[in-house]
Amino acid sequence: MAIHKLPDYLINRLKAGEIVERPSSILKELVENSLDAGATRIEISLHDGGKSSLSVQDNGSGIELADMDLVLERYATSKIETDEDLYKIASYGFRGEALASIAEVSKLTLLTKTAYAQIGTKLVKKGWETVMTHQPVSFEHGTFVSVEDLFFNVPARLKFLKSSQTEFFYCYNYFIDIAIQHYDKARTLKKQDKVILQLEPVDSVTERIVAIFKQDRRKNLKNLKKTTGQLQINGMIGDANLRFRSRENIRIYVNGRPVQDKIIMKALMDAYRRQIKPGEYPFVVLDLQVNPQMVDVNVHPAKLNVKFANPQEVFEAVHSAVLEALGQGRIANISSFRPSETVEECSTATSTAHAGSFTQEFWHRHTEHSEESLFTAGHFHSGGQTINSMFSLHDFTDADRKNLYHPEIGDYQIIGQLRNTYIIVQGQDALYYIDQHALAERIAFESMKKTEKLTPETLLQPLKFEISLIADLSKKIEELNALGFEIAMLSERTIVIYAVPSIFVTYPIDMQTLLNYVLYQQTLNFDLLMEWVYASKACKTSIKAGHKLSVPQMEQLVSDGLEKIPWLFVCQHGRPFFWKIEKTEIDKLFDR
Ligand code: ADP
Ligand code: MG
C-alpha cells in the first residue's frame, strides 16, 4: 500500500481511543472545560453509569457563536496561542482534542450561550455526521454538553466497559475529587435523574469533606497548613484512629488537579509510620499549591503523574506538615499482632474488601443495588489497592503459625450444625465449633491455588500506560510475561499490555493498580497477587452462613479441610475460624 494520509475521521477515531476510555474520562474532559470556562456551578447527570448518557451543565463563559464551528475541530482551542503559553499552563485542557474525540464515538449535544449573546445556540453531532448546527435555542448563560450512546459505532470499545454500577463508581470518585478540590463552588451529582449529592459552596475543605462524608468522623480529622519557599500545603488529615485498608481515602491535589505521586505518598506514609501499621492507610486530603513553572503535570493525557523540579523540598514539606498536624510525640498504641483487629470479617460473600472507608460507606448508603453488584463494584474499584492488606496469611511468621495450629482432631465425629452456621465436631480430646463458610472458603482458596491456569488472553484493545522510571523494568516485564501477560516496553516510560492472564478477564482487576503494585514493589510478588485474586474469588463462591448442611456434607467439608488446608484453620484473610474446647475444660465444668 502506498503511503497516504489518514482521513480525518480515522485520525479522530484513533485519537478518541486515547482520550475517551470510559464515561469517567469523558466526564473529566467535560468538567475541565467547565472549570476552564470559569464555572462556579457544575451539575453532572449520569444514566447507566454514563454509558447511555452523561451530561455536564455549567454556568461558565459559554462559547461565542463565531467559535461554534471550531469547537469540534481537532486542535482547535481557545487556550493557547504561543509556544510560551505551553510552559505556564493555567488551564486544564489546551490540546483542543477532547470534544472532537468524544463526538467521534458518541452522540454529542452542545447548548451554549455567552452572557452577552441574545440567544443560545445548539449543535448536535453523531459519530462523524453533523446532525445540527447553529440551531437557536433559549438557554441561560453557560454550557451544557451531553454525551449519549457512547461507543455506538465502536462495539469493541463498548464491550470493554464495565457494569453500570462500576462505571458510575468511577465517575462518582472523580466527582468527589472535584467536589473536595473546589469546595467553594457548587457541585451537583445526579444518577438516573435523582440528586445524589448537592453541595453548596463552603469556606473550607473541611466543611466540604464533612458535607460529603457527614459529621461522624469530624473529631478524628485535623487541619493541615504549611508554607515553605515554593510551596503551600493545605489539607485535612485523619488521626491514627482513622485507619483504612486501602489508599482510597488518600487524595492528593497539585494546583487543584488530582495526582498520584510517589514522592508525596512516601512523605505521607513515612510521617504516619509510627502511628499506623504497614498495610494500613490514613485519611488524607492534601492540596499543594506550587509555582506552575516548578511542576510538570502534562506527562500523560490523564495527567495523573506529576514531576517536580524540586522533589526533595516537596518531600520535606509534606513530611513535616503531616507530622506537625498530627502533633509529634503522641503516638498511638499499636501492638504487633492482633488478627482480630487487623483482619476484616468475611462472614458473608459480600462483606469483603471494603470495610471502613468513607467512600465505600457512602457508596453503600447511596446505592440500592443488590449485594452482588456492590461486591463487584468494590472489587473492581478497590482492586489492587487493597492488595497489601488482603494478604494477611503472609503476615503470619513461622512462630505465629505454630500458635495458630491446625486442629489435630484425630478420629472425629460430626455432632451437628449450630444455627446453620457452625459445624460441631467431636474429636479425640476436644469439641470443635467450625465456621462453615470460612472453612469452605479456605478450601476453595487452596484448591484454586493448585489448579488455576495462567493462560494469556488477548485484550480487545491493547492498554497503554505511561509509567515513571522503574529500575529493572525490562526484567520485571519479562517475569510478568512468563506469568501469562504479554507486555511490550515502548520506552523506559511507556508500556503496552496486549494480553493478560485469563483470570483477570474472568475476575477483572484494575490494570493500573495492578501495575502499580507489581512494578513498584521491590520484588515482584506475583504469588501474593494471585492469592489475593483467589481470596476474593473464594469468598464469593463458598457455602454461606445460614445454609443448612446434611451430615454427609459436613463430613465432606471437614475431611476436605483437614486434607487440603496445609497448615492452619484461618480464613485467607487470617481470621481463625474454629473454636476448640478441651475435654478437660468440659470436665472441669462438671467438677469431674
Ligand atoms: P481544549 O479544552 O483542549 O481547548 P476541547 O475540545 O475540550 O479542547 O474544547 C474545545 C474548545 O471549546 C475549548 O478551547 C473552549 O474554547 C470551548 N469549550 C469547550 N467546553 C466549553 C465550556 N463548557 N464552556 C466554554 N467553552 C468551552
Ligand atoms: Mg478540554
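Which residue lies over the face of Phe168? In this predicted model, Lys191 takes that place, at 4.6 Å from the centre of the ring. A second arrangement of this kind involves Lys126, which lies over the face of Phe152 at 4.9 Å from the ring centre.

The chain as a whole has 592 residues, and buried residues account for 51% of them. Its secondary structure consists of 20 helices and 22 strands. Of the contacts between residues at least 6 apart in sequence, 69% join residues at least 24 apart. The accessible surface amounts to about 28100 Å², and carbon and sulfur atoms contribute 51% of this area.

The largest nonpolar core comprises 52 residues, and Leu30, Val31, Ile44 and Leu108 have the most contacts inside it. The greatest contribution to this core comes from helix α5, spanning residues 164–181, which supplies 10 residues. Two domains take part: domain 1 (8–199) and domain 2 (213–336) each provide at least three residues to the core. A second core, separate from this one, has 31 residues, among them Leu231, Ile237, Ile250 and Ala321.

The surroundings of Ile44 can be listed in detail. When residues up to four places away in sequence are not counted, Ile44 touches Leu27, Val31, Ser55, Val56, Phe175, Ile178, Thr188, Leu189 and Lys190. One of these neighbours, Val31, is also among the residues with the most contacts inside the largest core.

Aromatic rings were examined next. A pair of aromatic rings is described by the distance of the centres and the angle of the planes. The count of aromatic pairs in the model is four. In one of them, the ring centres of Phe168 and Tyr172 are 6.2 Å apart; the pair is stacked because the planes meet at 25°, an angle under the limit of 30 degrees for stacking. Both residues belong to helix α5, where they are four residues apart, or about one turn of the helix. Phe168 and Tyr172 are both buried. Together with Phe169, these two residues form one aromatic cluster. Phe168 is thus part of this cluster and also the residue whose ring face has Lys191 over it.

Another aromatic pair is formed by Tyr432 and Phe578, with 6.4 Å from centre to centre and 45° between the planes, and this pair is tilted. It links distant parts of the chain, with Tyr432 in strand β18 (residues 430–435) and Phe578 in strand β22 (residues 578–582), 146 residues apart. Tyr432 is buried, as is Phe578.

Two residues that are not glycines have a positive phi. For Asp193 the angle is about 70°. Asp193 is found in the loop that runs between β7 (186–191) and β8 (194–199). Asp193 counts as exposed because its relative accessibility is 57%, and the cut-off for this class is over 50%. For Asn420, likewise not a glycine, the positive phi is about 50°. The loop between β16 (413–418) and β17 (422–426) contains Asn420. With a relative accessibility of 27%, Asn420 is therefore classed as partly exposed.

Notes. Residues numbered from 1 in each chain as written. Chains lettered and ligands numbered in written order. Predicted model: local features only at pLDDT ≥ 70, side-chain atom pairs only at ≥ 80, totals over all residues. Heavy atoms only, no water. Core = buried A, V, L, I, M, F, W, Y, C linked by side-chain atoms within 4.5 Å. Buried < 20%, exposed > 50% of the residue type's maximum accessible area, 1.4 Å probe, protein only. Helix = DSSP H or I, 4+ residues; strand = E, 2+ residues; numbered from the N terminus. Domains from an automatic or database assignment. Contact = heavy atoms within 4.5 Å. Phe/Tyr/Trp six-rings, centres within 6.5 Å; stacked < 30°, edge-to-face > 60°. Lys NZ or Arg CZ within 6 Å of the ring centre and 35° of its normal. Areas by Shrake-Rupley, 256 points an atom, 1.4 Å probe, with all protein chains shown as cover.
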